[in-house]
Every structure is written in C-alpha cells, then in structure tokens.
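Hi there,

Here is the structure I promised to pass on. Have a look at it first, and my notes on what turned up follow below.

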Amino acid sequence: MTHGTRGDVQPYLTLAGGLTAAGHDVTLMGPYAFSELAGSAGVPYVPIVDGPLALRADPVALRANEDSRGLRGVVREARWFGRMRPHCAKVLEDLIAKAKEQPRPDVVAFAPWMPAHHVAEWLGVPAVPVCFQPGWVPTPDMVNPLVSGRLPASLSRASYAFVEWTLRLAFAPALARLRRESLGLSGRGSKLSFLSRPDGKPATVLQAFDPCVLSGTPRYPPTTHTTGFWHLPTRDEWRMPADLRAFLDAGDRPVYIGFGSMVGSRSAAKSRAVLAAVRQAGVRAVIATGWGEVTASEEERDGAADEVFFVDEAPHERLFPHMAAIVHHGGAGTTASALRSGRPQVVCPFTFDQPFWARRMHALGLAPAPLPQYDLTADRLAAALDRAVNTRQLAEVAEQFGRRIAARNGVEKAVEVLETVVESA
C-alpha cells in the first residue's frame, strides 16, 4: 500500500516483481494516476483516489515545494498542510474500503505516510513499513534529515517525534472515526505508531536505501533492515527511439536534466534558465519534460535542436548510463538510479528529503554543492554543469559508487525479510 508521486510507487513495482519471482502473490494498492504504470509492469493493482495529487498545480503547493525557508516557508507549508488534510482523509477512506474487498494477505508492506498499519491490525496480519529515505526510524547518531533547517544534535530525538506527530495530524480526526466505524477498532488506537505492532513491540522495518550513502554507521534497532536500493530490472521491451539514438551518436555525451514529478511556481523562468545554462556550459543535453515542466516553445526547440533533445520520459536505468552527468531534483528513486549509473550529479532540490540527498551526494564527492530550486539561475546551473562534466575526480568517485550500488541486491534482501516476517507470525 502506497501513495504519492511516481517515486513513491515505482519501488513497490520493483518489490512486487521480486516477490512474484520468489513464488508469492502480490497486490499493490496505490493512486489511480499510476494504474497504467502498474499495468505495464504486470503487477495486479488496486487504484485508490489520487487525493493530494490533485493539488499538484495548486499555487499554495507550488510555492511550498519551491521554498520552505524561514518563517515565510513555515507559513507556506502550514497553508499547504491545511489544503492537503481533506484529501488525506479521502485517501484513507478509500484505502479501507478497497482493502475490505481484497483477499486477506499474509503481510502488509506500506509507505509510512500511509496509516496502513491500522488496516493490517484489522486484518490481523503483520505490517512492515517501507522507508525510502532515512528519517522515519529514530537513531541517536543523526538528526532527522526530513526536518527542515539545521538542528543541534541535542534535538535528535525530538526531530523524529515531530515527523510522526505531523503524520498523525494529517489523518486526524478521520483516522479515529474510521477505526471505530469502518474497522471496529478502538479509536484510541489511532495514535499507534507505524513503528510498533499492536502489542507495543517494535515492528519490522525495511529501509530501501544503501547504507554506504549515510554518514558513518547510524545505530538502528535490530528490527530495522537497511536493504540497499530497489532497482528496476532492465526492461528488454524498451527500445530507445531512433531519433534519441541518433542524437546520442551525433556528438559528445550529453547531460540529463529532469526534475521528476516535482513542480514549482516558476516553470517558464526555470525552463529558460535551463536552456541558457546548457548553452553557457557548452554541453549537449537530454531534457525530460514530464511533470517537472521543463519545456520550451517550438521556436526555442528548433533553435536548440543540435544541442538539446526533449523527451517526455524514458527509463532512467536505460538512459542514465549514456549521459555525462545527471541533473535532477534529489528524489530518492532518481538519486538511486543516478548512483547506479556511475555518473556525476547536479542536485537541485525542492523539499522534503531532497535537500538531504543533495547534501549527501556533495559530501560523498559525487556532485557539486547543492543548487536549490529557489537559487537556480542560468549562471549557477552552467557553473555546476561545467564542474560535473569536466572534473575528473567527480567522474572517478561516481564510477566507484556505481559499482558498489549495483553489487547490492536490495529487493532480494527485502523479500527475505518479508518471508521471515510471515513465517514468524
């Protein structure tokens, strides 16, 4: 059970493939928006309402995504949170209704921002939260990276509590009501942490990222398993379009530029800055449009045809290895694909976990300093592109990390953990 953008759904399709290959039956529940994606992956899919995805183009959401700094940022996020709460209630209501129509599973794996552990409690089966970034499971060795701003180490424990409190607030009071009316459970149990079983013991947790990207070796509970990233297998059915292949063959390796499912309030200005930066840096580029809305007029496209190729979307695992560098927003899934490709990165984060991944890529020697979206100009992006493409050390470190990331089979480990959970239930 998951919800959110493509980066919140696609890893579950990867896990579903691993479980199916191991002989298990899998059903994925997620937003209607990705029904076609699940269908193309051959995964049985139960769509639930898109909920907060309906706010993708809302001006309040756009401004909150782009800049959450300082007091103004707090106000923006609070306004966005207020818009989102009614949609969260609809998601939960539909999730419960659809779950009641499904055969009883052996285990429920779910995104921690989805209170699906309450559904698992009603079903009487184990619930396993799946975390795509650190920040959900408390550790004394790291302040929660999902909290905006820099906090002292003394507030580490409080920083994790704040995230869980925010999750509860997003679904309250709908959760307490639905527990009573739809699930026949105690309303008081609505405060049950997703990190705990109904009996109060720690829940098994999957962390779907590689431990080598963290600073040091954070201490996690023994019930938390950091598996490595969940990479999609290479899709043989995808064939690179002939015009894209011709563009790649026509000159030096291009850079990839794409900001995934994230949308800001300055899409036109950002598009102009991206095109200008490509010209200033003297590089060729493959620019992904998609939800990130990096686009151009027909006149601009014709004028940049020799240097720029526009794609709506293409599988990262097939496209990234052909690039000289990867410019992206810092989502967990795109970061994982960029790491695996062995190419230097330029990370231009919006919000949530993206500033954390941007800082980590820089600290690991894989990328120049983060270039936040609110600071993205043609000059700054051109300078970052020049460094990413022409710094030999970045290329060498990225290649080394690519080999390390590719060597760890995160899905295989996750399947083993889930099998153990079911066997011990």
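**Helix α14 and the empty spaces**

Let me start with a helix: in α14, the buried residues are Ala378, Leu381, Ala382, Ala384, Leu385 and Ala388. Please keep in mind throughout that this is a predicted model.

Those six residues sit on the same side of α14, because the arc they cover around the axis is only 165°. The general background is familiar: an α-helix has 3.6 residues a turn, so residues three or four places apart point the same way. Turn to the other side of α14 and you will find Asp379 and Asn390, which are exposed.

What covers the buried residues of α14? The cover includes three strands, β7 (255-257), β10 (325-328) and β11 (345-347), together with the helices α9 (267-281) and α15 (392-407). As for its dimensions, α14 runs over residues 378-390, 13 residues in total. From first C-alpha to last, α14 reaches 18 Å, close to the 18 Å expected at 1.5 Å a residue.

Next, the enclosed space. How many cavities of 30 Å³ or more does a search of the whole structure find? The search gives one. The volume of this largest cavity is about 120 Å³. Its lining is made up of 14 residues, and Pro115, His117, His118, Leu167 and Arg168 are the closest to the centre. Two elements, α5 (117-123) and α6 (156-171), each give two or more residues to that lining. Of these, α6 gives the most, with four residues. Sorted by class, the lining of the largest cavity has eight nonpolar residues, four polar ones and two charged ones.

There is also open space to look at, in the second largest pocket. That pocket holds about 720 Å³. Around it are 24 lining residues, and those nearest the centre are Asp25, Val26, Thr27, Pro105 and Val107. Which elements give two or more residues to this lining? They are α1 (6-21), β1 (28-31), β3 (108-110) and α16 (410-424). The largest share comes from α1, at four residues. By class, the lining of the second largest pocket counts 17 nonpolar, three polar and four charged residues.

If you open the model, you could begin with the buried side of α14, then go to the cavity lined by residues of α5 and α6, and finish at the pocket where α1 has the largest share of the lining.

Best wishes, and happy browsing!

Technical notes:
Residues numbered from 1 in each chain as written. Predicted model: local features only at pLDDT ≥ 70, side-chain atom pairs only at ≥ 80, totals over all residues. Heavy atoms only, no water. 1 Å grid on protein atoms, 1.4 Å probe; cavity = no way out; pocket = protein on both sides within 12 Å on 5 of 7 lines; lining within 4 Å. Points joined across faces, edges and corners; volume = space filled by probe spheres on them. Nonpolar A, V, L, I, M, F, W, Y, C, P; charged D, E, K, R; others polar. Expected span 1.5 Å × (residues − 1). Buried < 20%, exposed > 50% of the residue type's maximum accessible area, 1.4 Å probe, protein only. Arc of directions from axis to C-beta. Contact = heavy atoms within 4.5 Å.
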